[in-house]
Every structure is written in structure tokens, then in C-alpha cells.
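Subject: Structure handover

Hello,

Here is the structure I promised to pass on. Please open it alongside this email. My notes follow below.

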Amino acid sequence: MNSRPDAMRQTIGTWFGRGVGAFLILIVCLFLSLPLIALLLRVTPDLLVTYIPNETVQKALWLSLATSTITMAIVIIIGTPAAYFHSRSHYLGKSFVDTLIDLPLVLPPAVAGLALLLLFGRTGLLGRYMNVIGIDIAFTTVAVVLAQIFVSSPFYIRQAKALFEQLDPAYEETAKTLGSSSLRTFLFIILPLCATGLTSGAIMTFARALGEFGATIMFAGNLPGVTQTMPLAIYAAMQGDFDVAITISVLLVAISLTIMLTVKLLTEKWRYNV
């Protein structure tokens, strides 16, 4: 007797839930996209043609790309074996190491920059001794790279650690029974199996390094051609030439969008292969 009213109420409830869900998704999309739309609406072809060749824009662009690439390379070279040994080993304090790896993700970048300055500055914990032999790191391009490594390395190491933990140990055991050394197994079996996921992590590391601001300005300063990356150039241009700030911002949006689409495609490819 009551089946029809119950079915109607269920249908109404379903459509109401879908309507609420669609509304919430719309709010999120508008909140995230409208600022970017506002930025892009201020851009004209003439503006880009005029300001992309600008010396400030060019120096900031190439410095950002160079330091982010170096950062990514260092993180891959050191972070890959470190993540592998960490994932395959059981040792006292492993949970603490996990926390330490993740800490830069939640640590305010300005705090990270100040901490690096207190370590490597001329009167810092290590900097005072390095200064004696003529090595100065703070407010140099090296400082930019160190700041980027500090804030971006978790993106790669966490990804690599998760991939190695998910990999079936049977692959390694089989290779060893066939006479393969640990190094050969790692290079020619483990890394190829995890290559797509590691590439995604590396790209995200590059993206985080490219957008780094707080730690860089605290530790490396904002010196044009030396430490002024694209985010820092935007900050400086906001006080003088607004069009330069807009141009650099659009370049960063374009690069970031390209990076995210690449990661998305790689992630989908990895899931499909799995």
C-alpha cells in the first residue's frame, strides 16, 4: 500500500542529494577558478608580447627553471635510494623519520627559511665555520636551491616510499634467486616498475620548487638575477610595475597547468597499467 509514496520519497531524496552535491561542487569550482579567470581577463596578447621579453621577467623565468630543475635532480638522486631503503628497512626511530620527511609539508615556509638561515647564515650553526674557509651560502643561488629542496623533497620521497612499499617483494626475491645483485635488481627491475609513479612525484617536486616563495625570500633574499625567482619577482613587481606581475603570474599559471595535466596523464597511465 505504501510502496508508491516510499518510492517517491526515495526518488525525491536522491534528486535532492544530487542537487546539493552539484551545488557544492559548483561552489568549489567557482571559488578555485574565478581568481584565475580574473587574472586571465587582464591579459592581452599585446601585454604578453611587451613584457615577456622584459629583462626582469626573463631573468626570473630562467632562474626559476634552472634552480627547480637542479632541485628536482638532487631530490631524485638522493631521495630515490633513501626512500627505498627506508621502505624496506625496520629500524628504531622509523616513525620519527616518517614524521621528519612529512614535516616540511605543514611547516610554514617562512619558518623553514629562517631555520635554514640560522643553520647556513654567516653566524649560523654551520655557516660560521663555512664562512671561515670562504664559503657563503645565504643570499646566493645555492640558497635558493637549498630552500627549494627543503620544501619540495617530501612530494617525491613520500611518493617513492609509497610505491616501494606497494611493490611485491617477490620481484626482488625472484631476481636474487636468478643471481642478480641488489644494485642490478634495484636499477633494472624495481625502478622500471615504479617509473611512472616516480616521474609523477618528480614533476610535483619541480612544481613545488617553482612556486616556492617564503623560505626563499627569508634565506636567499630577493636579488634580481641571483635569487629572484618568479614568485619573488611577482612580489617585487607588485610594488612598481603591475603589468610585469601579471605577466609572470600568467606564465606560472601556464606552467603549473601543464605540470598538473602531465601528472594526471601519468597517473591515469599508471593505474591502467596496474
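Start with S87. Its side chain reaches the backbone oxygen of Y84 at 2.8 Å. S87 is in helix α3. Is S87 buried or exposed? S87 counts as buried, because its relative accessibility is 10% and the cut-off for buried is under 20%. Keep in mind throughout that this is a predicted model.

Helix α3

This helix runs over residues 55-88, which gives it 34 residues. From first C-alpha to last, α3 reaches 49 Å. The expected figure at 1.5 Å a residue is 50 Å, so the two are close. Before the helix comes N54, which caps the N-terminal end of α3. A side-chain oxygen of N54 lies 2.8 Å from the backbone nitrogen of T56.

Where does α3 kink? Look at G79, shortly before the proline P81. The kink there is about 35°. P81 is itself in α3. P81 counts as partly exposed, at 26% relative accessibility. The C-alpha atoms of P81 and L34 are separated by 42 Å, with their positions 47 residues apart along the chain.

Helix α7

Helix α7 has 26 residues. At 1.5 Å a residue they should span 38 Å, and the end C-alpha atoms are 37 Å apart, which agrees. A kink is found here too: about 45° at S152, shortly before the proline P154.

Q148 also sits in α7. Which side chains does Q148 contact? One is T67, with a side-chain to side-chain polar contact at 3.2 Å. Another is T71, where the polar contact between side chains is 2.9 Å. Q148 counts as buried, because its relative accessibility is 1% and buried means under 20%.

Leading into α7 is a loop from α6 (127-132), and F139 is in that loop. F139 has a positive phi of about 65°, although F139 is not a glycine. At 41% relative accessibility, F139 counts as partly exposed.

Aromatic rings

How many aromatic pairs are there? The count comes to 6. F120 and F219 form one that is tilted, with 6.2 Å centre to centre and 40° between the planes. Why tilted, and not stacked or edge-to-face? Stacked needs planes under 30 degrees apart and edge-to-face needs over 60, so an angle of 40° is tilted.

This pair links distant parts of the chain. F120 is in helix α5 (residues 109-120) and F219 is in helix α10 (residues 214-219), 99 residues apart. F120 is buried, at 18% relative accessible area. F219 counts as buried too, at 0%.

Elsewhere, ring pairs link Y84, F85, F164 and F186 into a cluster. Y84 is also the residue whose backbone oxygen S87 reaches. One charge is worth a look as well: the charged end of R184 sits over the ring of F188, 5.0 Å from its centre.

Nonpolar core

The largest nonpolar core has 25 residues. Which of them have the most contacts inside it? They are M230, V244, I246, I248 and I259. Five helices each supply at least two residues of this core: α2 (45-51), α3, α9 (182-210), α11 (230-237) and α12 (242-273). The largest share comes from α12, with 11 residues. As background, nonpolar side chains tend to be buried together in soluble globular proteins.

Some distances

Two more residues will help you find your way around. I37 is in helix α1 (residues 3-41). I37 counts as partly exposed, at 40% relative accessibility. V111 lies in helix α5. V111 counts as partly exposed as well, at 41%.

How far apart are I37 and V111 in space? The answer is 32 Å, C-alpha to C-alpha, and they are 74 residues apart in sequence. V111 and A60 are 51 residues apart along the chain. Their C-alpha atoms are separated by 24 Å.

Best wishes

Key: Residues numbered from 1 in each chain as written. Predicted model: local features only at pLDDT ≥ 70, side-chain atom pairs only at ≥ 80, totals over all residues. Heavy atoms only, no water. Helix = DSSP H or I, 4+ residues; strand = E, 2+ residues; numbered from the N terminus. Bend = angle between axes of the 7 residues up to and from the residue. Polar contact = N/O pair within 3.5 Å; in protein donor to acceptor, adjacent residues only side chain to side chain. Phe/Tyr/Trp six-rings, centres within 6.5 Å; stacked < 30°, edge-to-face > 60°. Buried < 20%, exposed > 50% of the residue type's maximum accessible area, 1.4 Å probe, protein only. Lys NZ or Arg CZ within 6 Å of the ring centre and 35° of its normal. Core = buried A, V, L, I, M, F, W, Y, C linked by side-chain atoms within 4.5 Å.
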